[in-house]
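Q: I have a structure open in front of me, and I would like to learn how to read it. Could you take me through a few features, one at a time?

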Amino acid sequence: MGKRPLPLLVRLRGAIQAAAALLTNIHLPNFLSGRLYQGNGKRVCVPGLNCYSCPGAAGACPIGAFQAVVGSSGFRFCYYITGLLILLGVLLGRFICGFLCPFGWLQELLHHIPSPKLSSKRLKPLRYLKYAVLLVMVVLLPTVLVNELGMGDPIFCKYLCPQGILEGAIPLALVNTGIRSALGALFTWKAAVLAAVILLSVLFWRPFCKWLCPLGAIYALMNKVSLVGMKVEQEKCVSCGKCEKACKMDVDVTKNPDHAECIRCGMCAKVCPTGAIRFRCGFGDGKGVCGAGNPSRKNLE
């Protein structure tokens, strides 16, 4: 049997990730001036985790924007963000994590640094932490801790999100002496969080996505109903197990193609010897094909 061509999305994934990161942070000259883009684009939320305070940011972070206004029903913006997240989740699910999130791409690049690589299969219970982060730090605390205008305190952005200090605080502090002189204990804490995520990313594949990202948690809840997903043609599956071994999100796609942890990266389709696994577009059976397939194993249950 000749070698099957890889699905188009698998072949282009790296280029799509790079393009998404660039388009999300297109205002590159701002990194030199230490200014933030304040145009109309900032009224629109980007799909991935990308800090509003990044000098190059073209749009707003959905998590940061949601935290700011979730405490007041007077902000129609809250309904817009909630509706946008639901829409993106239904359309794409965690395909956004696998293809469009700049911080997810960064973690993958860090994982290429030569070092011992550790498996996270025995750490699967940690995946539920991101739902606790979503509930407590993104929803509950910003709802309770609001100012007189009803603006919530962005707890997740302030104390946990590593993207904020990487894209915002560090670039701005490098060129702005005022910001640099104001750095204190919070910056030190966030720098420690960032350093920990970087180290873990070298050792584990996308640890922040697996364990802590609240945006990933939102999209994970939509994975089973999203239009873009994975499909296994069981009649082609030869039960070789290669797909399960290749999945770095610790998912067996033959048992659950719409698993909440699946980021639609296509690694399972890449290694499948019979072309049993493919991207699907559409609800239900997913007869629409997003890319030509490549293989997996039969459901052993």
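Q: Let's begin with one residue: where is Arg 206 found?

A: Some ground rules help here. This is a predicted model, where local features need pLDDT of at least 70 and side-chain atom pairs count only at pLDDT 80 or more, while totals for chains, interfaces and linings use all residues. Residues are numbered from 1 along each chain as its sequence is written, and side-chain values use heavy atoms, with hydrogens and water left out. Helices are DSSP runs of H or I with at least four residues, numbered from the N terminus. Arg 206 sits in the loop between H11 and helix H12 (207–211).

Q: What is the phi of Arg 206?

A: In general, most residues other than glycine have a negative phi. Arg 206, however, has a positive phi, near 50°. Arg 264 is also not a glycine, and its phi is positive at about 55°. You will find Arg 264 in the loop between helix H14 (242–246) and helix H15 (267–271).

Q: Is Arg 206 buried or exposed?

A: Buried means under 20% relative accessible area, exposed over 50%, and partly exposed in between, using a 1.4 Å probe and protein chains only. Arg 206 has a relative accessible area of 0%, so it is buried. Arg 264 has 0% as well, so it too is buried.

Q: How many residues does the largest nonpolar core have?

A: The general idea is that in soluble globular proteins, nonpolar side chains tend to be buried together. A nonpolar core is a set of buried Ala, Val, Leu, Ile, Met, Phe, Trp, Tyr and Cys residues joined through side-chain atoms within 4.5 Å. Here the largest one has 42 residues, and Phe 156 and Phe 208 are among those with the most contacts inside it. Helices giving two or more residues to this core include H4 (76–92) and H11 (185–203). Apart from it lies another core, of 17 residues, including Phe 99 and Cys 243.

Q: How many disulfides does a search of the whole structure find?

A: A disulfide is a covalent bond between the sulfur atoms of two cysteines. The test is a pair of cysteine sulfur atoms within 2.5 Å. The search finds zero disulfides. For Cys 97, the nearest cysteine sulfur is that of Cys 209, 6.3 Å away. Cys 97 has 7% relative accessibility, so it counts as buried. For Cys 101, the nearest cysteine sulfur is also that of Cys 209, 5.9 Å away.
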